[in-house]
Structure formats: C-alpha cells, structure tokens
Amino acid sequence: MSNTNIIKATMKFKDGNVINLDLYPDLAPISVANFVKLAKAGFYDGLCFHRVIDGFMIQGGGFVFDENRGLIQKHSDTIKGEFRSNGIDNPIKHVPGVISMARTMVKDSASSQFFICVAAAPHLDGEYAAFGKCSDEQSIKTAVAYGKAKTGRWQSFSDVPFNPIVIESVTIQD
C-alpha cells in the first residue's frame, strides 16, 4: 500500500516465531487505533490463535488457552466495522498475509479478535475490516505454517490447534 502511513508492529510467539506487521491507519483508522491501544496495554500477551483453518486464515486475539479449563475469553470494547458494506471505503484486499478484524454477523461487533489470511479470501473483501498486512515474506510463511497446524474440537469450539499457538507479546514501533 504505497502513499499510506504505516505503523509497524511485531507479534512474538512463545515458540520463538515472529510475525511483523504493517498497519494502515489512513485506510482503517478505527481498527488500527484499537489494535495499537490493545497491544500497548499488553492485552494480547498470552492469548492464543484459537481458530486455524488451513487454506483460509488463522484467528486470535480473544482467548487464553488453559489446559484444565479450555479456552477462556478475554473481552474488550467493540468498534465500528471499517468495510464497504458498512459504509466505509476500505480498499485492502484479503490476500495472503493481510490482517483483518474478526466479528460476528453484526457489522459493528469487532473488538480484539483478528485474523491473518493464509490464502486469498476475496469473499471477505468489503465485508471485514482489513487493516494491515505481514511486512515480509518470512512473516507470511510463519502465518501459513501456523495455518497447517493440526486442529480439532475443544469444548464447543472447532478448528482449535492441538498444540496452542500462543502470542508472547505484540509491540508497536512508534
């Protein structure tokens, strides 16, 4: 995304992997401000990617995985969905490496959860608030590798990785 301000973020994982992100505040100011605020507050530290679908996306930012109690939700405030069908011009396409806000069927229900596309998902364009992308090839490769994790059901959840993918920290470069 040329001609756009970029905020750099680094997502470190407990297994030592890193995903570097470029966030686009000019294209999705509400989503970027929300992600940055939560990252700076340490909200994402210790949360897991709780939904992983190979050939589609990896989703995290809302649950802690506890071996005894399962997935425990962590809540934050909801924000306006920044996408075309919700009246916002957001040109970011859901291609491999793009980070976007997760939500329910309610258009303004996004809060802290996000997903990173591991394949093209054009059906999400204009329906979900993409707000950045992986900033390098290695970061995309890391996301794609996480997308291949073996998954199954855990309590009422589907597509949960058998080996938890845990975020150690998300840092924002000011």
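Are F35 and F131 buried or exposed? I looked this up at the outset in what is a predicted model, and I found F35 buried and F131 buried as well.

**Entry 1: the rings around F35**

I then turned to the aromatic pairs, of which the structure holds eleven. For F35 and F114, I noted ring centres 5.7 Å apart and planes at 85°, so I entered this pair as edge-to-face. F35 belongs to helix α1 (residues 29-40) and F114 to strand β7 (residues 114-117), so their pairing ties together parts that are 79 residues apart in sequence. F114, like F35, is buried.

For F35 and F131, the centres lie 5.4 Å apart with the planes at 50°, so I recorded a tilted pair. F131 is in strand β8 (residues 130-134) while F35 is in helix α1, so here the parts tied together are 96 residues apart in sequence. I also looked up the wider group: F35, F114 and F131 belong to one aromatic cluster with F13, F43, Y44, F49 and Y146.

**Entry 2: charges over rings**

I next examined charged side chains over rings. The charged end of K74 sits over the ring of F43, at 4.5 Å from the ring centre. R103 lies over the face of Y128, and its distance from the ring centre is 4.3 Å.

**Entry 3: helix α2**

Which residues of helix α2 (residues 137-147) are buried? I listed S139, I140, T142, A143, Y146 and G147. Viewed down the axis of α2, these buried residues fall within an arc of 160°, so they line one face of the helix. An α-helix has 3.6 residues a turn, so residues three or four places apart point the same way. On the other side of α2, I found E137, Q138 and K141 exposed. At the start of α2, I noted that a side-chain oxygen of D136 comes to within 3.3 Å of the backbone nitrogen of Q138.

**Entry 4: cysteines**

I searched the whole structure for disulfides and the result was zero. For C48, the nearest cysteine sulfur is that of C134, 18 Å away. C48 counts as buried because its relative accessibility is 2%, under the 20% limit. For C117, the nearest cysteine sulfur is again that of C134, at 9.5 Å. C117 is buried too, with a relative accessible area of 1%.

**Entry 5: H75**

Where does H75 lie? I placed H75 in the loop between β5 (70-73) and β6 (98-101). H75 is exposed, its relative accessible area being 61%. Between H75 and G61 I recorded a separation of 14 residues in sequence and 9.6 Å in space, C-alpha to C-alpha.

Conventions. Residues numbered from 1 in each chain as written. Predicted model: local features only at pLDDT ≥ 70, side-chain atom pairs only at ≥ 80, totals over all residues. Heavy atoms only, no water. Helix = DSSP H or I, 4+ residues; strand = E, 2+ residues; numbered from the N terminus. Buried < 20%, exposed > 50% of the residue type's maximum accessible area, 1.4 Å probe, protein only. Arc of directions from axis to C-beta. Polar contact = N/O pair within 3.5 Å; in protein donor to acceptor, adjacent residues only side chain to side chain. Disulfide = S-S within 2.5 Å. Phe/Tyr/Trp six-rings, centres within 6.5 Å; stacked < 30°, edge-to-face > 60°. Lys NZ or Arg CZ within 6 Å of the ring centre and 35° of its normal.
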